[in-house]
Amino acid sequence: MHIAICDDEETQAVRLDALAGRWGAARGTPCHIRAFASGEELLFEMAGSYPVDLILLDIDLGGGNLSGLEVARKIRRTDARVALAFLTNDSGCVFDGYEVAALRYLMKPMTEENLFPLLDLALEHITRTSRYVVLEVDGERRRVEEDSIIYLEARGHTVLVETAAGPITVKAALSALASRLGEDFVPTHRSFLVNLRYVERVGRNECSLEGERVVPVSRGAWEKLNRAFINYYREG
């Protein structure tokens with residue numbers, strides 16, 4: 001699980017790292033922590049795309065001009081899915097979290113008793129929401145929902161990722177991206193990978209996708225692609 005913590009008290013990030021490590025060892029789910037000292041720093045570093053599973057926000061952020069709730073509002077303008085939770089010393093502000101769909105408030109200091117149930121809830125939240133992949137785009141990390149990816153095309157040292165929102169170019173090998181995507185992504189050719197949810201027809205030489213898109217089908221890929229297409233709609 002990837003967790004970001006935004007708190008001007010460095011000790012909170014240290015405490016989270018230790019506690020999340022114990023939780024992860026018990027659940028078989030490794031945790032990776034990124035710490036930010038202010039809301040401005042978090043918003044700048046993530047630039048509107050939040051490639052983490054959970055963001056812990058201190059309500060009282062003394063290291064910048066934005067409160068934790070203000071940071072949460074800005075996050076929600078571009079990301080409705082990422083799980084949010086608040087750290088606070090004041091139980092009176094709990095109801096403020098409803099407008100940003102916060103999972104929970106944690107009273108400081110964090111302990112196993114209050115953090116572990118939150119991480120369990122966040123893990124459940126991840127399994128309910130759609131899968132995503134984090135891509136390096138123009139020097140920034142961008143979270144892209146798998147369901148939005150139509151197909152991928154290898155172009156030399158880059159990969160064109162065609163999404164419902166438009167194309168993205170990534171410096172990576174197609175095989176490396178394929179290993180990070182779910183079972184709905186199937187090769188049609190050594191240079192193409194399609195998302196079965198967008199496939200309309202599979203031919204011997206071409207695969208038709210939504211939006212009048214067509215990608216090539218190689219002789220070696222046809223049988224597996226056709227079988228995957230049939231099974232996908234049979235099971236669906």
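Which residue is the bridge partner of Leu87 in S5? The partner is Leu106. This model is predicted. The briefing starts with the sheet around that pair, then turns to a helix, a hairpin and one buried residue, Asn195.

**The parallel sheet**
- Five strands make up an open sheet, and their pairing is parallel.
- Read across the sheet, the order is S2-S1-S3-S4-S5.
- S2 (32-36) and S5 (104-107) are the edge strands, so named because each pairs on one side only.
- On average, neighbouring strands in this sheet are turned by 20 degrees against each other, direction ignored.
- Strand S4 covers residues 83-88, and four bridges join S4 to S5.
- S4 and S5 run parallel.

**A helix across the strands**
- Helix H2 spans residues 39-46.
- H2 lies across three strands of the chain: S1 (2-6), S2 and S3 (54-58).
- Against S2, helix H2 runs at about 120 degrees.

**The hairpin**
- Strand S13 (residues 199-202) and strand S14 (residues 206-209) run antiparallel.
- Three bridges join S13 to S14.
- One pairing links Arg201 to its bridge partner in S14, Ser208.
- The hairpin passes from S13 to S14 through three residues.

**Asn195**
- Asn195 sits in strand S12, which covers residues 192-195.
- Is Asn195 buried or exposed? Its relative accessibility is 1%. Buried means under 20%, so Asn195 counts as buried.
- Leaving aside residues up to four places away in sequence, Asn195 touches Glu146, Asp147, Ile149, Ile150, Asp184 and Phe185.

Conventions. Residues numbered from 1 in each chain as written. Predicted model: local features only at pLDDT ≥ 70, side-chain atom pairs only at ≥ 80, totals over all residues. Heavy atoms only, no water. Pairing = 2+ DSSP bridges. Helix = DSSP H or I, 4+ residues; strand = E, 2+ residues; numbered from the N terminus. Axes fitted to C-alpha atoms, helices over the stretch in contact; angles between N-to-C directions. Contact = heavy atoms within 4.5 Å. Buried < 20%, exposed > 50% of the residue type's maximum accessible area, 1.4 Å probe, protein only.
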